[in-house]
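Colleague: I am new to this structure. Could you pick a part of it and walk me through it closely?

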Amino acid sequence: MKVAVAGCCHGALDKMYETLELLQRRHNVRPDLLLCCGDFQAVRNEADLRCMAVPAKYRHMQTFYRYYSGEKKAPVLTVFIGGNHEASNHLQELPYGGWVAPNIYYLGYAGVVRFRGVRIGGISGIFKSHDYRKGHFECPPYNQQTIRSAYHVRNIEVFKLKQLKRPIDIFMSHDWPRSIYHYGNKKQLLKMKSFFRQEVESNTLGSPAASELLQHLKPTYWFSAHLHVKFAAFMQHQTNSKEELPKATKFLALDKCLPHRDFLQIIDIEHDPSAGDSLEYDAEWIAVLKATNSLVNVTQSSWNMPEKNGLHAKWDYSATEEAIKEVLEELNHNLKIPCNFTLTAACYDPSKPQKHVEPVHTINPQTTEFCAQFGLTDINDRIQQAKEEGSVRGEYEEEEEEEEMDSTGSAEEPSEYNTDNSGLSSINPDEIMLDEEGGDEDLSTCSVDPSPDHPPDFSASFSDIRIMPDSMAVSSDDAMDSTNEELEKSGVSKQVEEKSLNERPLKRIGGNENGNSGIKKIKRRNQAIYAAEDEDKTE
């Protein structure tokens, strides 16, 4: 089975799908599945734009709304996770995952699904230690704090994933697992992104939570994005016993979706030829969700997951064979995920702009159905109940906000991660700066593009697809040439060049390289996340 993997999409769905079609025409390669590692930007309308944590001048409508409205349909089954530049209000409707458009599936805060027998897992968002132990308490309309904390990884999602015992074939995270750069060509990485040096040398680049999952799950493949650079690594895992077979993970980070960028990778994955072509639930994951349902928290209070420390009566929430069997019986052994996509918000209409529409807290019928079927807590319903009881406030007192670092280095670490990167001050010129005033700009200053009169401009030629060979083993981090160079030498790599291509009540829906040590606040990285011309200047 051929799987296409994309990095940060940033809403450019037309470009991504047109590139796949070009691949088929020129090289007779047709992927069976497309995976996207975050910053997907499922923006339906102007209200969704207001829920994206970027300065207003960077809020662009892009092309997802055409797939949401039914004007277009994704030509290949697409599965994605969330990043740190998302329409958080839309994705929040689907905490356990669901369809954001026909043939486009979101994995939720964390999730595991199956396709043709291949087990695919993922975790959405980026790591921030100061929010890691909180519950999912945010809901629209967001303020300066919650518009960002809404996409921060929580310990409960990591805890759920760590209950899995059966092998994972593919896993996705937006930010990289911490330390993964030690298992690839670190020298080449720092040559391309020299401003990573301080974090790499102090071993604070990336997410410690993702690193913990990598060591626990040991998936065959792990895909990430976020840092806007392509990087491959090969991690051999230690075995726990002599009887356990050695396991290894092939890691690949993808570049962002822009002209002149190598942003798509095609990989051959072994699959079950007798399996159907439908996306399916994973029985063990459903059993874990049921087992951990009592741990659901929608408060801002920090809390720890159960562990074997004498303080908890129960700490093992893994699924027993009996529990998995019960899930299968509940579903009559039919694990097919229902195609129950429903419109829950008005779709953007270029001829009738609505620049001042406010986002509302919505319960998605897909989530209602999923929770009813498996006896789970509807997180959004619980948030609304807590708000009504006064446990959670929809609006918080305005305070002067201390700017956070992006997840390439976290502002602080929870106790379980023994690292200190408080002195980090490197700036990534490849990302957007979020100033204090950035989140408050009125939407009227936003660019809502493309419209029929202003299609996207991808006039520059670009090379954006490679076919990955069967092996991408790396012997050591600095003792060899770049893994990417090895891929090109293997002769298996294919490049595709392309010319221009046009591109608040609850609402319930029925039916510079050098770090500046003098900086007092660490600014968010992201100077040129959407601007290709800025990218050309820095690359």
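Modeller: Happily; we will start with the cysteines, then visit a hairpin and a loop. Please keep in mind that this is a predicted model: local features need pLDDT of at least 70, side-chain atom pairs count only at pLDDT 80 or more, and totals for chains, interfaces and linings use all residues. Residues are numbered from 1 along each chain as its sequence is written, and side-chain values use heavy atoms, with hydrogens and water left out.

The structure holds 0 disulfides, a disulfide being a pair of cysteine sulfur atoms within 2.5 Å. For Cys8, the closest cysteine sulfur belongs to Cys36 and lies 7.4 Å away, so it is too far for a bond. Cys37 is in no disulfide either, as its nearest cysteine sulfur, also that of Cys36, is 6.5 Å away. Cys8 counts as buried because its relative accessibility is 0%; buried means under 20% relative accessible area, exposed over 50%, and partly exposed in between (1.4 Å probe, protein chains only). Cys37 is buried too, with a relative accessible area of 0%.

Now to the hairpin. Strand 4 (residues 98-101) and strand 5 (residues 104-106) run antiparallel, joined by 3 bridges; strands pair if DSSP finds at least two bridges between them. Helices (H or I, at least four residues) and strands (E, at least two) are DSSP runs, numbered from the N terminus. Ala101 stands opposite Ile104. There are 2 residues between the two strands, and Asn103 in the turn has a positive phi of about 75°.

Finally, Thr377 sits in the loop between helix 13 (365-374) and helix 14 (379-389). Thr377 counts as buried because its relative accessibility is 13%.
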